[in-house]
Amino acid sequence: MTSLRLGTRGSQLALAQARLVAGRLEAAAPGLRVDLVTIATAGDRDQSTPLAEGERPGWFTTAIQEALQRGEVDLAVHSLKDLPTRRPEGLVIAAVPLREDPRDALVSRAGQPLRALPPGAVVGTGSPRREAQLREIRPDLQVRPIRGNVETRLRKVRDGEYDAAVVALAGLRRLGLEAEAAEVFGFEEMLPAPGQGALAVECRAADEAVRQLLARIDDPQVRLAVTAERAFLAAIEGGCSYPAAAYAEHFGSTLKLHALIAPGGRIIRSKMGGPAETAAGLGRQLAAELLERAARGG
Ligand SMILES: NCc1[nH]cc(CCC(=O)O)c1CC(=O)O
């Protein structure tokens, strides 16, 4: 195994993430060469449809997973938050190698933070999760869908099409654009999407050699955290298609999961701690609590 083909989207962010993983693999296995193979996904082809997070599962990942299943690439790097909770046949997430800062950020034309935007300002986001949390702080804002990759969104704000937009800080940082953030939201005001900031590296379940290689760059702490967040998301999706947010952090051997859902835009929050090894159970338990509260009306 002297060279491997790594499937990735062609956006600047996806390429930056793919290079990061390729670099780690080459460092972990001297003599190995990792070649990037760019694959266009449905989300790259159709820039017109307003896209709600979670509304189109696999929008950014399915085409790459199919290339992996067909053997056209040996591994694939995804933003974990774009990866549907439903797992495709014959593929495994063989590494969750690292997590960038998971928080959301505001970019604004005049550089103001959220609370200083003028009344009725137009804020771009297609995410019902972000919209519900924005509205809780600033009910007067006009929230409008925004499409395109990170650079396109920043341009639309700069050009005056929007007064501001909410984007993942991870995306800004990986593109060297962190200075564009007018504000970085605390978890109590803008809880991130499950898996935000984390990367997932997939390969074929039967490809033992690649699995063993990928195990070398796995980060068990990050994996446990995103396992709790995604178990929460899967349980919410099973129950209802509410906007959902979740973030897990480690305190020694304890994992603390923060989560919210927003049925009809009304936010219901909770948190729960437990032994880190019970990550998936923690996610399911917190989802059951929130779904039950939603059914009771809050
Ligand atoms: N929804 C698209 C998407 N998928 C991953 C990221 C950023 C990187 C990450 O969150 O890991 C983004 C852009 C954004 O939300 O601003």
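The following exercises, each with a worked solution, concern a predicted model.

**Exercise 1. Domains and one contact between them**

Task: State which residues make up each domain of the chain, and describe the contact of domain 2 with domain 3.

Solution:
- Step 1. The domain assignment places residues 3-98 + 198-218 in domain 1, 104-184 in domain 2 and 225-293 in domain 3.
- Step 2. Taken over C-alpha atoms, the centres of domain 2 and domain 3 are 25 Å apart.
- Step 3. Six residues from domain 2 and six residues from domain 3 take part in the contact.
- Step 4. On the side of domain 2 that touches domain 3, two residues are nonpolar, one is polar and three are charged.

**Exercise 2. The ligand shell**

Task: Determine how many residues surround the ligand, and which domains each supply at least three residues of the shell.

Solution:
- Step 1. The ligand is surrounded by eleven residues, the closest being S79, V167, A168, G171 and Q196.
- Step 2. By character, the shell consists of four nonpolar, four polar and three charged residues.
- Step 3. Among secondary-structure elements, β8 (164-168) and α6 (169-174) each contribute at least two residues to the shell.
- Step 4. At the domain level, domain 1 (3-98 + 198-218) and domain 2 (104-184) each provide at least three shell residues.

**Exercise 3. The largest nonpolar core**

Task: Identify the residues with the most contacts inside the largest nonpolar core, and the helix that gives the most to this core.

Solution:
- Step 1. The largest nonpolar core comprises 87 residues, and A228 and F232 have the most contacts inside it.
- Step 2. Helix α8 (residues 220-239) gives the most to this core, namely eleven residues.
- Step 3. Beyond its neighbours within four places in sequence, A228 is in contact with A248, L255, L257, A279, A280, L282 and G283.
- Step 4. As a general background, nonpolar side chains in soluble globular proteins tend to be buried together.

**Exercise 4. Annotated positions**

Task: Locate the annotated modified residue and classify C240 as buried, partly exposed or exposed.

Solution:
- Step 1. An unreviewed UniProt entry annotates residues 224-291 as "domain: Porphobilinogen deaminase C-terminal".
- Step 2. Over residues 224-291, the chain is 43% helix and 35% strand, with the end C-alpha atoms 23 Å apart.
- Step 3. The UniProt feature "modified residue: S-(dipyrrolylmethanemethyl)cysteine", likewise from an unreviewed entry, is placed at C240.
- Step 4. C240 belongs to the loop between α8 and β11 (244-251).
- Step 5. C240 is partly exposed because 15 other C-beta atoms lie within 10 Å.

**Exercise 5. Two environments**

Task: Explain why R24 counts as partly exposed and why L106 counts as buried.

Solution:
- Step 1. R24 is part of helix α1 (residues 12-28), whereas L106 is part of strand β5 (residues 104-108).
- Step 2. A residue is buried if 20 or more other C-beta atoms lie within 10 Å of its own.
- Step 3. R24 has 19 C-beta neighbours inside 10 Å and therefore counts as partly exposed.
- Step 4. L106 has 26 C-beta neighbours inside 10 Å, so L106 counts as buried.
- Step 5. Setting aside neighbours within four places in sequence, R24 is in contact with P97 and I217; with the same kind of exclusion, L106 touches P113, L114, A164, V166, A181, A182 and E183.
- Step 6. For L106 and E183, 77 residues apart in sequence, the C-alpha separation is 5.2 Å. For R24 and T2, 22 residues apart along the chain, the C-alpha atoms are separated by 15 Å.

Methods
Residues are numbered from 1 along each chain as its sequence is written. This is a predicted model: local features need pLDDT of at least 70, side-chain atom pairs count only at pLDDT 80 or more; totals for chains, interfaces and linings use all residues. A nonpolar core is a set of buried Ala, Val, Leu, Ile, Met, Phe, Trp, Tyr and Cys residues joined through C-beta atoms within 7 Å. A residue is buried if 20 or more other C-beta atoms lie within 10 Å of its own, exposed if 12 or fewer, and partly exposed in between; C-beta atoms are placed from the backbone. Helices (H or I, at least four residues) and strands (E, at least two) are DSSP runs, numbered from the N terminus. Two residues are in contact if their C-beta atoms, placed from the backbone, lie within 7 Å. Domain bounds come from an automatic or database domain assignment. Ala, Val, Leu, Ile, Met, Phe, Trp, Tyr, Cys and Pro count as nonpolar, Asp, Glu, Lys and Arg as charged, and the others, Gly among them, as polar. UniProt positions are given in the numbering used here, feature names are shortened, and annotations may be inferred rather than shown by experiment. A residue is near a molecule or strand if its C-beta atom, placed from the backbone, lies within 6 Å of it.
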